[in-house]
Amino acid sequence: MPIRSCRVVSLILMLCGLALSLRPTAALSSSPAVLINEFMPRPASGAEWVELFNPNPFDIDIGGWKLDDDTIGGSQTTIGAATIIPANGLLVISLTTNILNDTGTDAAQLLDAAGAAIDLHSYSSATAGQSYARVPDGSTIWVKGAPSQGTWNALPGPTAAPSYTPTQTNTPTSTPTPTDTATPVPPTNTATDTPTATATSTPIPPTNTPSSTPTATPYPTGIVVSEFLANPKTLYTHEWVELYNTAQAPADLAGWQIDDIDGGGAPYTLPANTTIAAGGYLVITLPSALLNNDGDSVRLLRPDGMVVDAASYTSSAADASRTRGPDGTWYDSDAPTPGSANPPMPTPTSTPTATSLPTATPTRTPTPTSAPAPSATPGVWPDGVLLNEFLAYPKTIYSHEWVELYNESEITIDLSEWKLDDVDGGGIPYTLPPGTSIAPGAFLVIELPSAILNNDGDSLRLLWPDGSVADATSYSSSVADRSQSRSDEGEWYLGSANTPGSRNAGAAVP
């Protein structure tokens with residue numbers, strides 16, 4: 001072989017070797033998606049634990065998968081062979097070694113058998129006896145609070161209700177119609193439903209064993225309050241409440257309750273054999289008055305007292321219903337539609353407004369987590385508005401703290417009376433003024449008139465008008481005139497540059 005050809009071959013081999021040496025050490029996972037749904041980094045007693053959620057419509061064998069902290073390697077918990085997490089089910093794994101930090105920052109990570117990361121969530125400053133949980137289950141919002149190990153997560157008070165687009169119209173009924181269905185059939189999970197459990201029991205494995213212990217069958221999910229009439233006068237003689245089943249399976253509602261505001265009148269309990277069809281409506285005529293004409297709340301409760309869905313109102317008109325539109329927004333209707341699909345809101349409630357800082361059309365559609373999650377419309381307020389960037393420590397470049405929001409939904413959202421707050425019980429929250437709105441796919445920068453965020457660590461929360469959490473994050477420190485930014489995968493970092501009103505820059509180089 002000529003000398004020149006030999007040199008060419010040698011050069012090619014050298015380049016191939018260099019390429020192999022520079023390839024990523026972690027391969028992309030081909031395993032099916034499993035989510036970390038809740039975890040306890042600082043138990044009051046006993047071992048740390050992680051709750052997993054399988055959002056898929058099929059069982060998954062997670063034998064050989066691992067649970068780790070923010071640094072892969074070292075002490076890990078390996079899940080035993082032939083450990084199955086059922087379709088749309090939960091599984092709690094006790095960690096064999098306490099590896100999650102009690103102070104500072106850390107993360108809970110789920111790795112498949114090949115060592116590729118499946119899901120993770122970072123946290124800062126754990127509190128004894130409090131867990132980190134997705135609320136609602138499988139969603140993009142994380143909340144720290146009382147643990148619900150092995151059961152579905154929920155916020156106190158009004159909880160998340162899935163958004164829906166009614167596709168089926170049933171004949172209106174004046175009272176629940178008994179059927180032969182007596183056993184609740186949990187709905188099949190879809191991309192727009194709240195995560196549900198299968199008809200089989202939810203397994204919870206005991207510590208250090210691959211086997212599982214069944215828990216009670218969960219209640220069916222996906223039932224929402226769709227319409228109600230609080231002030232009957234001429235057209236109607238009784239108050240009524242319409243429910244809608246967003247799931248793809250019928251649900252047994254025997255023992256469920258319709259109630260007004262917490263502490264109000266005696267709730268109405270649905271009788272035995274009350275069912276609601278998949279994608280169907282159920283109109284419940286209340287035998288006695290429960291709802292106040294001058295403002296009250298309507299709440300749907302499970303037999304265990306857990307609030308499944310709720311809606312509040314400040315006034316009512318005679319024979320007019322309070323109606324939930326297909327996009328989840330509520331409005332008053334002079335033409336009630338009990339037992340059938342609700343029309344969209346007749347007129348828009350707001351128009352886009354300018355912000356005090358420049359905005360720009362985004363070139364991305366950020367997703368708050370790396371794993372797919374079902375969409376939801378918490379309470380009666382539209383979902384899809386995220387915290388995207390914030391500055392907690394203005395000094396020279398900036399004179400005020402500011403927060404950037406991003407609307408990942410496909411509708412303009414009215415933010416009037418929404419709030420920005422720090423840690424629960426901290427300073428006075430800032431209330432967004434009337435007329436504040438955010439267009440679909442747009443950024444909105446809000447300059448805070450007075451400081452609410454601590455420089456040495458705090459939490460930032462976006463609250464719906466009823467005070468429930470729409471989105472939240474926390475941080476342990478801040479740098480003067482430098483913002484914290486959210487990545488496309490939903491992770492927070494110190495940005496290399498501030499980008500209020502436009503796409504976030506990458507992370508700062510340590």
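This section describes the overall make-up of the chain, its aromatic pairs and one buried arginine.

The model is a predicted one, and it is welcome to start with the chain as a whole. The chain holds one helix and 37 strands. Of its 510 residues, 49% count as buried. The accessible surface of the chain amounts to about 22400 Å², and carbon and sulfur atoms contribute 56% of that area. Among contacts in the chain with a separation of 6 or more, 63% are between residues 24 or more positions apart.

Aromatic rings offer a friendly way into the details. With ring centres required to lie within 6.5 Å, the count comes to 15 aromatic pairs. One of them joins F228 and Y313: the ring centres are 5.5 Å apart and the planes meet at 50 degrees, so the pair is tilted. That label follows because an angle under 30 degrees would count as stacked and one over 60 as edge-to-face, with the rest counted as tilted. The two partners come from distant parts of the chain. F228 belongs to strand β15 (residues 223–229), whereas Y313 belongs to strand β23 (residues 307–313), and 85 residues separate them. F228 has a relative accessible area of 1% and is therefore buried, since buried means under 20% relative accessible area. Y313, at 8% relative accessibility, also counts as buried.

A second pair invites a look alongside this one. Y244 and Y281 also form a tilted aromatic pair, with 4.8 Å from centre to centre and 40 degrees between the planes. This pair, too, links distant parts of the chain: Y244 is in strand β16 (residues 240–245) and Y281 is in strand β21 (residues 281–285), 37 residues apart. Both Y244 and Y281 are buried.

Aromatic pairing also extends beyond two residues. F39, Y123, Y132 and W142 are linked into a cluster by ring pairs.

A polar residue completes the picture. R134 is placed in strand β10 (residues 131–134). With a relative accessible area of 1%, R134 is buried, because that value is under 20%. The side chain of R134 reaches the backbone oxygen of I36 at 2.8 Å, a distance within the 3.5 Å cut-off for a polar contact. Thus R134 is a buried residue whose side chain has a backbone oxygen, that of I36, as a partner.

Key
Residues are numbered from 1 along each chain as its sequence is written. This is a predicted model: local features need pLDDT of at least 70, side-chain atom pairs count only at pLDDT 80 or more; totals for chains, interfaces and linings use all residues. Side-chain values use heavy atoms; hydrogens and water are left out. Rings of Phe, Tyr and Trp (its six-membered ring) pair if their centres lie within 6.5 Å; planes under 30 degrees apart count as stacked, over 60 as edge-to-face and the rest as tilted. Helices (H or I, at least four residues) and strands (E, at least two) are DSSP runs, numbered from the N terminus. Buried means under 20% relative accessible area, exposed over 50%, partly exposed in between (1.4 Å probe, protein chains only). Contact means heavy atoms within 4.5 Å. Accessible areas come from the Shrake-Rupley method with a 1.4 Å probe; for residues, only the protein chains shown count as cover. A polar contact is a pair of N or O atoms within 3.5 Å; within protein, one must be able to donate a hydrogen and the other to accept it, and residues adjacent in sequence count only if both atoms are side-chain atoms.
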